[in-house]
Amino acid sequence: MVKHIPVLFEEVLEYLAVKPGGLYVDATLGGAGHTQGILARGGRVIGLDQDPEAVKRALEMRLPGLTVVKSNFRNLERVLDELGVGQVEGILADLGLSSFHLEDPRRGFSYAQEGPLDMRMGEEGPTAEEVVNTLSQEELYRILKEYGEEPRAFAIAKAIVEARRQRPIRTTKELAEIVRKAVGFRKAGHPARKTFQALRIYVNDELGALGALLQAAQSRLAPGGRLVVISFHSLEDRIVKRFLKESSLRILTKKPVVPSAMEVRANPRARSAKLRAAEKGVA
Ligand SMILES: C[S@@+](CC[C@H](N)C(=O)[O-])C[C@H]1O[C@@H](n2cnc3c(N)ncnc32)[C@H](O)[C@@H]1O
């Protein structure tokens, strides 16, 4: 059975500084690992996830003190308004995919497993299949360059457009093979890793959603409230770092907190995690 191991579990709880009876937002509920830590310390949680399967699993857990909401976290302010909540003591975002996504070939996130080219975390927006088969070569190039930081973006975009002229690209392995042929052998990682990352970020508008969440957090944290964000790639981390610098929040992590070697050994998905935390001033 697939299990999602929460990353930087103790560190998240330390930086959130959970107050018994306090109300917290877990913007990325996933397998509810971090949420259970907050609940165990006496906090109450509003947990958001845009993924219907994550929401269903969380509801089945029937955790006392947890309110589950199916929503993109970009709509956090609206969600809180609808629940009649003004401010909260803390907001957590543990970005990206869960192990449930990565290990389910039907979701199309993995270049290593055959599946439909979907890559949507929620139910909205275009699928990766629509993106690779309809966008212009220039648009594909820009996505690969910007969101994948892919040095061979030009060659890959060209190869995708050439391949789809023969027939539409439908599966993860078809796309991975097109990229592998265009790029050739790569020492570090699978040749299609960056392409898949780029498409995933684009399909889910991950950076746009993160920006909106950070803005919402700034206005919805109670005085003394904490924001904790875990990112998994440099594009996200850069956005969080810049935002915190320019925001009115007080930064608690001068340098990002990263997992120990022991944690990475036990949970390789933690490898690229970076945690940043900040506090709303007490006016
Ligand atoms: C890394 S997992 C979180 C795991 C969780 N902290 C735990 O301990 O089990 C990220 C989750 O956030 C969700 N997610 C990612 N981006 C989102 C967004 N913009 N809005 C709502 N949920 C999002 C994903 O569907 C996924 O379930």
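The following paragraphs go through a predicted model, starting from its sheet and ending with its salt bridges.

The sheet is open and has seven strands, in the order β3-β2-β1-β4-β5-β7-β6, and its pairing is mixed. The edge positions are taken by β3 (66–70) and β6 (250–251); each has a single partner strand, so one side of each is left without a neighbour in the sheet.

Strand β1 is a convenient place to enter the sheet. In the strand order, β1 stands between β2 and β4. On one side, β1 (residues 23–26) runs parallel to β4 (residues 88–94), and three bridges join the two strands. Within this pairing, Asp 26 lies opposite Leu 92 of β4. On the other side, β1 is joined to β2 by four bridges, and these two strands also run parallel. Here Tyr 24 has Val 45 of β2 as its bridge partner.

The side chains of β1 go two ways. Leu 23 and Val 25 point one way from the strand, while Tyr 24 and Asp 26 point the other way. Are these residues buried or exposed? All of them are buried, Asp 26 included.

The path from β1 to β2 passes through helix α2. Together, β1, α2 and β2 form a β-α-β unit, which is right-handed. Before the helix begins, the loop between β1 and α2 contains Ala 32. This residue is not a glycine, yet Ala 32 has a positive phi of about 65 degrees. Ala 32 counts as buried, because its relative accessibility is 0%, and the cut-off for that class is under 20%.

Helix α1 also lies on the sheet. Comprising residues 9–16, α1 lies across β1, β4, β5 (221–231) and β7 (274–279), and runs at about 160 degrees to β5. Helix α2 (residues 33–40) likewise packs on the sheet, where it touches β1, β2 (44–49), β3, β4 and β5; the direction of α2 makes about 170 degrees with that of β2.

Which residues of α1 are buried? They are Val 12, Leu 13, Tyr 15 and Leu 16. Viewed down the axis of α1, the buried residues fall within an arc of 165 degrees, so they line one face of the helix. The elements that cover these buried residues include β1, α2, β4, β5 and β7. Helix α2 is thus named among the elements covering α1, alongside strands of the sheet.

Positive phi values occur on either side of α1. In the segment before the helix is Leu 8, which is not a glycine but has a positive phi of about 50 degrees. Leu 8 counts as buried, at 0% relative accessibility. Just after α1, Ala 17 takes a positive phi of about 45 degrees.

The charged side chains are the last topic. How many salt bridges are found in the whole structure? The search gives 21. One of the contacts is between the side chains of Asp 104 and Arg 106, with an N to O distance of 2.6 Å. The two partners fall into separate accessibility classes: Asp 104 counts as buried at 12% relative accessibility, whereas Arg 106 is exposed, with a relative accessible area of 55%.

A further salt bridge lies within a helix. Lys 158 pairs with Glu 162, and their closest N and O atoms are 3.8 Å apart. Both belong to helix α8 (residues 153–166); because they are four residues apart there, about one helical turn separates them. Lys 158 is partly exposed, with a relative accessible area of 38%, and Glu 162 counts as partly exposed at 40% relative accessibility.

Glu 174 and Arg 167 also meet through their side chains in a salt bridge, at 4.0 Å from N to O. Of these two, Glu 174 is partly exposed, with a relative accessible area of 25%, and Arg 167 is exposed, with a relative accessible area of 54%. Finally, salt bridges link Asp 51, Glu 53 and Arg 107 in a network.

Terms used: Residues are numbered from 1 along each chain as its sequence is written. This is a predicted model: local features need pLDDT of at least 70, side-chain atom pairs count only at pLDDT 80 or more; totals for chains, interfaces and linings use all residues. Side-chain values use heavy atoms; hydrogens and water are left out. Two strands pair if DSSP finds at least two bridges between them. Contact means heavy atoms within 4.5 Å. Axes are lines fitted to C-alpha atoms, for helices over the stretch in contact, and angles run from 0 to 180 degrees between N-to-C directions. Buried means under 20% relative accessible area, exposed over 50%, partly exposed in between (1.4 Å probe, protein chains only). A crossover is right-handed if, with the strands pointing away from the viewer, the path from the first strand over the helix to the second runs clockwise. The arc is that of the directions from the helix axis to the C-beta atoms.
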